[in-house]
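Here is a friendly walk through one chain, meant for someone seeing it for the very start. Have a look at the sequence and the structure, then read on.

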Amino acid sequence: MKRFLFVLFALLGVLQYQLWYGVNSLPGSVELREQVALQREGNAKLVARNQVLREEIIDLRSGTEALEERARNELGMVKEGETFFRVVGGSLKSAN
């Protein structure tokens, strides 16, 4: 009977060791869950960014308005007959 109890306690000790310090231990699984959550957040941000890029590609392929807007904003292009005004900002004065 003593041998049986000793074997049971030894088995319990081995199982506890595996649970806390083994290859797939409890602290390791908690850390992996945190890493998975962080990765999912990063993936969600990338999916949103990709969706914005897809919509921009569709706009650029579908018409000239998106091209014109991009040329105006990024390249500073102006249509023929338009007048371009550049407002140089300064500190705003209060009207007191």
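## L12 and its patch

Let's begin with L12, which sits in helix α1, the stretch covering residues 2-21. Keep in mind that this is a predicted model. Is L12 buried, partly exposed or exposed? L12 counts as partly exposed, because its relative accessible area is 45%, and that falls between the 20% and 50% cut-offs.

L12 also has company on the surface. Together with M1, F4, L5, L8 and F9, L12 makes a nonpolar surface patch of about 690 Å².

## A pair of rings

Staying with helix α1, how many aromatic pairs does the count give? The answer is one. The partners are Y17 and Y21, whose ring centres are 5.6 Å apart; their planes meet at 40°, so the pair is described as tilted. For that label, the angle has to be neither under 30 degrees (stacked) nor over 60 (edge-to-face). In general, you describe a pair of aromatic rings by how far apart the centres are and by the angle between the planes.

Along helix α1, Y17 and Y21 are four residues apart, which means about one helical turn separates them. How open are they to the outside? Y17 is partly exposed, since its relative accessibility is 49%. Y21, with a relative accessible area of 62%, is exposed.

## The whole chain

Now zoom out. The chain has three helices and zero strands, so reading from the N terminus you get α-α-α. The radius of gyration is 32 Å, while the globule rule gives 12 Å for 96 residues; the chain is therefore more spread out than a compact globule. Measured out along the principal axes, the C-alpha atoms fill a box of roughly 105 × 50 × 20 Å.

What share of the 96 residues counts as buried? Just 3%. The accessible surface comes to about 9,700 Å², and carbon and sulfur atoms account for 60% of that.

## Salt bridges around R72

Side chains of opposite charge can pair when their charged atoms come close. By the rule used here, the chain has two salt bridges. One of them joins E68 and R72, with N to O at 3.4 Å. E68 and R72 are both in helix α3 and sit four residues apart, about one turn of the helix. E68 is partly exposed at 32% relative accessibility, and R72 is partly exposed too, with a relative accessible area of 30%.

R72 also forms a salt bridge with E82, where the closest N and O atoms are 2.9 Å apart. R72 belongs to helix α3 and E82 to the segment after α3, so this pair ties together parts that are ten residues apart in sequence. E82 is partly exposed, with a relative accessible area of 36%. Put together, E68, R72 and E82 are linked in a network of salt bridges.

## G81, out in the open

Where is G81? Like E82, G81 is found in the segment after α3. With a relative accessible area of 81%, G81 is exposed, because exposed means over 50%. From G81 to V23 you cross 58 residues in sequence and 73 Å in space, going C-alpha to C-alpha.

## How sure is the model?

The average pLDDT of the chain is 86, and 95% of the residues score at least 70. Which helix has the lowest confidence, and which the highest? Confidence is lowest in helix α3 (residues 64-75), with a mean of 79, and highest in helix α2 (residues 26-62), at 92. As a general caution, predicted coordinates should not be read in detail where pLDDT is low.

Notes
Residues numbered from 1 in each chain as written. Predicted model: local features only at pLDDT ≥ 70, side-chain atom pairs only at ≥ 80, totals over all residues. Heavy atoms only, no water. Patch = residues over 30% accessible without salt bridge, like charges linked within 9 Å, V, L, I, M, F, W, Y side chains within 5 Å. Areas by Shrake-Rupley, 256 points an atom, 1.4 Å probe, with all protein chains shown as cover. Salt bridge = Lys/Arg side-chain N within 4 Å of Asp/Glu carboxyl O. Helix = DSSP H or I, 4+ residues; strand = E, 2+ residues; numbered from the N terminus. Buried < 20%, exposed > 50% of the residue type's maximum accessible area, 1.4 Å probe, protein only. Phe/Tyr/Trp six-rings, centres within 6.5 Å; stacked < 30°, edge-to-face > 60°. Rg over C-alpha atoms; globule rule 2.2 N^0.38 Å. pLDDT = per-residue confidence, 0-100.
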